[in-house]
Amino acid sequence: MVSIIIPLFNESESIVPLYEKIIYILSSLNKRHEIIFVDDGSTDGSLQILKKFEKENSHIRIFSFRKNQGKAEALTFGFQKAKGDYIVTLDADLQDNASEIQKLLEKVKNGWDLACGWRKERQDSILKVFSSKIFNLLTSFFWGTKLHDYNCGLKVFRKEAAKSLRLYGGLHRFIPLFVYQQGFTVGEVAVRHEKRKFGRSKYSFSKLWKDLPDIFTMFFLSRYSKRPMHFFGLVGGLLLIVGISILGYLTFLRFQGETIGRRPLLFFGMLLVLSGLQVFFTGFLADLMINLSHKRRVEENDKFLLKYSSKA
């Protein structure tokens, strides 16, 4: 069974041609299917159009947020509700060509857990393409992965890979990384990309600067989420070393008879020492919380296994 998840926000003009295209593609695939529309708080009548589809087609499922939550939350909700063995994600703006789904499905059937679309000839403005290339280069540099396009909306997952994701904020841009780091295999397939026919893009060049905090968040989650002390300890230790060195230097000058009480360097050294201690103990508390959470999960798992074994 194939589940197609389509998150959308104010795409009333593109919904009808998108729906007709998907129905045509699914008829050629000849597979059991469901189409899940996740309306992310649209205010342009998109939900009313979707309700008409639902009346006509029993394979349509609609979920609508009361207000705009973001693409990451919409995708996560769709993953949780999907029933298919293969899960397809597709943007609603018609730029992702639905006819390419078959190519991605074949990639997954050949042993991959996630097949990502690669918009090799992207039909967007120069600034948008440029900002996307910068984002892809930064992501590849930090994580050493070899993907050309991390944020193409067209993807095909095995069920297990999709349901392992818990996305929020702007982390939907890092789906291939999350999947890869959980031990699943990730591949890439070049797909056709179309020019936008209706409305305006929700993303602009300035979004690159908004992506930078997400890159840092993803970097921390991927490297230090299970060992935060390695990060905070390093940063706090460096601050402490620099601060103590400054105070040591000033102490030496004081023994030489110089006045240091009004030197800005004294306050800077004290600030570094205090900041270093705060950062260090932040890491210590984070490590402690993770350790306690891990123990709790192990105890709950043991109880479950014991109860399950006794029934067996």
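**Exercise 1. State how many helices and strands there are in the protein, and describe how its residues are buried and its contacts spread along the chain.**

Solution. In this predicted model, the protein has 10 helices and 7 strands. The next step is burial: the protein has 312 residues, and 45% of them count as buried. Turning to the contacts with a separation of 6 or more, one finds that 79% come from residues 24 or more positions apart. Finally, the exposed surface amounts to about 17,900 Å², of which carbon and sulfur atoms supply 59%.

**Exercise 2. Give the order of the strands in the sheet, and explain which strands stand at its edges and why one side of each lacks a neighbour.**

Solution. Reading across the open sheet, the 7 strands follow the order β3-β2-β1-β4-β6-β5-β7, with mixed pairing. At the edges stand β3 (60–64) and β7 (186–191); each has a single partner strand, so one side of each is left without a neighbour in the sheet. When direction is ignored, neighbouring strands of this sheet are turned by 20° against each other on average.

One pairing can then be followed in detail: β4 (residues 86–89) and β6 (residues 155–158) pair in the antiparallel sense, over 4 bridges. Within this arrangement, Thr89 stands opposite Lys155 in β6.

**Exercise 3. Determine which strands helix α1 touches and which strands helix α4 lies across, and give the angle stated for each helix.**

Solution. Helix α1 (residues 12–29) packs on the sheet and touches β1 (2–8), β2 (33–39) and β3, while its direction makes about 170° with that of β1. Helix α4 (residues 101–109) lies across β1, β4, β5 (114–119), β6 and β7, and it runs at about 155° to β7.

**Exercise 4. Locate Gly41, decide whether it is buried or exposed, and list its contacts beyond its neighbours within four places in sequence.**

Solution. Gly41 is found in the loop between β2 and α2 (46–56). Its relative accessibility is 11%, and because buried means under 20%, Gly41 counts as buried. Once the neighbours within four places in sequence are left aside, the residues in contact with Gly41 are Phe9, Phe65, Lys67 and Asn68. A further separation can be given for Asn10, which is 31 residues from Gly41 along the chain, with 8.1 Å between the C-alpha atoms of the two.

**Exercise 5. Describe the aromatic pair of Phe65 and Phe77, and explain which parts it ties together.**

Solution. A pair of aromatic rings is described by the distance of the centres and the angle of the planes. The count of aromatic pairs comes to 9. Among them, Phe65 and Phe77 lie 5.7 Å apart, centre to centre, with 80° between the planes, which makes the pair edge-to-face. Phe65 lies in the loop between β3 and α3 (71–81) and Phe77 in helix α3, so the pair ties together parts that are 12 residues apart in sequence. As for accessibility, Phe65 counts as buried at 15%, whereas Phe77, at 25%, counts as partly exposed.

**Exercise 6. Characterise the aromatic pair of Phe280 and Phe281, and name the residues that ring pairs link into a cluster.**

Solution. Phe280 and Phe281 form an edge-to-face pair, with 5.6 Å centre to centre and 90° between the planes. Phe280 is partly exposed, at a relative accessible area of 31%, and Phe281 also counts as partly exposed, at 45% relative accessibility. The cluster linked by ring pairs consists of Tyr19, Phe37 and Phe53.

Definitions and conventions. Residues are numbered from 1 along each chain as its sequence is written. This is a predicted model: local features need pLDDT of at least 70, side-chain atom pairs count only at pLDDT 80 or more; totals for chains, interfaces and linings use all residues. Side-chain values use heavy atoms; hydrogens and water are left out. Two strands pair if DSSP finds at least two bridges between them. Helices (H or I, at least four residues) and strands (E, at least two) are DSSP runs, numbered from the N terminus. Axes are lines fitted to C-alpha atoms, for helices over the stretch in contact, and angles run from 0 to 180 degrees between N-to-C directions. Contact means heavy atoms within 4.5 Å. Buried means under 20% relative accessible area, exposed over 50%, partly exposed in between (1.4 Å probe, protein chains only). Rings of Phe, Tyr and Trp (its six-membered ring) pair if their centres lie within 6.5 Å; planes under 30 degrees apart count as stacked, over 60 as edge-to-face and the rest as tilted. Accessible areas come from the Shrake-Rupley method with a 1.4 Å probe; for residues, only the protein chains shown count as cover.
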